[in-house]
Amino acid sequence: MIDQDELVAVLQKIRGDTIVIPTMSVARPWNDSSDRPARDVPVSGAMGKASSFALGVALAQPDTKVIVLDGDGSLSMNLGSLATIAGKAPKNLFHFVLHNGVYAVTGGQPIPSAERVDFSEMAEGAGYAATYDFEDLEDFTIQIEEVLKQEGPVFVTIRSVPAIQNEPIGRRERPARPRTLISAMTELRQELGIE
C-alpha cells in the first residue's frame, strides 16, 4: 500500500508543466506541497466530478498533459465518466485513482464492494488506451515516467493507505490560502496565456 504523501512527493518531482486536478483526500497534501500552484486545479466539494472536469481540461488543452488525482469513492459515484473519457480518447489525460476502499473525507465508511471492485479492469473495459495498478511505491517510482510517456487516456490505480478524516468539517485545518475552483481556473488561464 502506498502512502498518499509519498505518492504526491514522487509526482511533484516529475510533473513538469502538467496540469494536475486533485480531489477529495489527496487535494490537501497536493496543494500543501505544490511548487506549481498556478497549474493545479483542486476540485474539492464536487465528489465524483473530478474525472469529468479533467476530461474537459484535457480536451481544451490537447498539447498539455493533464493528471487527475481521483478517489475510489469519488469515481464510484460517477463510473459513467470512464466510458465518456474512453470515447473521447484524449491522448493527454492520465487518470489516477487512489484506491483505499473507503470514503476517507467523510469518516472512513467503506465504498461499495471495496474488496472486489477493480477500477483498472473497468477502465480497460471502457476503452482506455492503457491501465496500470500499483501497490508498491518503489515499483511506482521506477515506472511512472514511462507511464506518463504513453498516449492516453491512461488509467492508474494506486492501492493507497486511507487518510481518514474524522474531525468534523468545521474544525478541520484549512489551507492558509483557500482556493476556489474559479480562482484556480483564473490562475490556470493566466498561466497558459488564455484570454
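**Figure 1. E6 is partly exposed, at a relative accessible area of 41%.** That value falls between the two cut-offs, because buried means under 20% relative accessible area and exposed over 50% (1.4 Å probe, protein chains only). The model is predicted: local features require pLDDT of at least 70, and side-chain atom pairs count only at pLDDT 80 or more, whereas totals for chains, interfaces and linings use all residues. Residues are numbered from 1 along each chain as its sequence is written, and side-chain values use heavy atoms, with hydrogens and water left out. E6 belongs to helix 1 (residues 4-14); helices (H or I, at least four residues) and strands (E, at least two) are DSSP runs numbered from the N terminus. Between the C-alpha atoms of E6 and P29, which are 23 residues apart along the chain, the separation is 9.7 Å.

**Figure 2. The protein chain contains eight helices and seven strands.** Of its 195 residues, 48% are buried. Among contacts (heavy atoms within 4.5 Å) with a separation of 6 or more, 71% are between residues 24 or more positions apart.

**Figure 3. Five strands form an open sheet in the order 1-2-3-7-6, with parallel pairing.** Strand 1 and strand 6 are the edge strands, each pairing on one side only. From one strand to the next, the twist averages 15 degrees. Two strands are taken to pair if DSSP finds at least two bridges between them. Angles run from 0 to 180 degrees between N-to-C directions, and axes are lines fitted to C-alpha atoms, for helices over the stretch in contact.

**Figure 4. Strand 7 (residues 154-159) pairs in the parallel sense with strand 6 and with strand 3.** The pairing with strand 6 comprises five bridges, and that with strand 3 comprises six. On the strand 6 side, T131 has F155 as its bridge partner, Y132 stands opposite V156, and F134 is partnered by I158. I158 is also the bridge partner of L98. Six of the six residues of strand 7 are buried. V154, V156 and I158 lie on one covered side of strand 7, with F155, T157 and R159 on the other.

**Figure 5. Strand 6 (residues 130-134) has one covered and one uncovered face.** In a regular strand, side chains alternate between the two faces of the sheet. The covered face of strand 6 consists of A130, Y132 and F134, and the uncovered face of T131 and D133. From strand 6 the chain passes through helix 7 (residues 137-147) to strand 7 in a right-handed β-α-β crossover. Right-handed here denotes a path from the first strand over the helix to the second that runs clockwise when the strands point away from the viewer. Helix 7 lies across strand 3 (93-99), strand 6 and strand 7, at about 165 degrees to strand 6.

**Figure 6. Helix 6 (residues 119-126) buries F119, S120 and A123.** These buried residues line one face of helix 6, because they fall within an arc of 100 degrees when seen down its axis; the arc is that of the directions from the helix axis to the C-beta atoms. Their cover includes helix 4 (72-76), helix 5 (80-88), strand 3, strand 6 and strand 7. Exposed residues E121, E124 and G125 occupy the face of helix 6 turned away from the buried side.

**Figure 7. The buried residues of helix 8 (residues 181-192) pack against strand 1 (19-22).** They are A184, E187 and L188. Their arc around the axis is only 100 degrees, so they are on the same side of helix 8. An α-helix has 3.6 residues a turn, so residues three or four places apart point the same way. I182 and Q190 are exposed on the face turned away from the buried side of helix 8. The twelve residues of helix 8 reach 16 Å from first to last C-alpha, close to the expected 16 Å, where the expected span is 1.5 Å times one less than the number of residues. Just after helix 8, G193 adopts a positive phi of about 75 degrees.

**Figure 8. Two loops show backbone features at P153 and A89.** The peptide bond joining G152 and P153 is cis, with omega about 5 degrees. P153 is located in the loop between helix 7 and strand 7. A89, in the loop between helix 5 and strand 3, has a phi near 50 degrees, a positive value in a residue other than glycine. With 37% relative accessibility, A89 counts as partly exposed.
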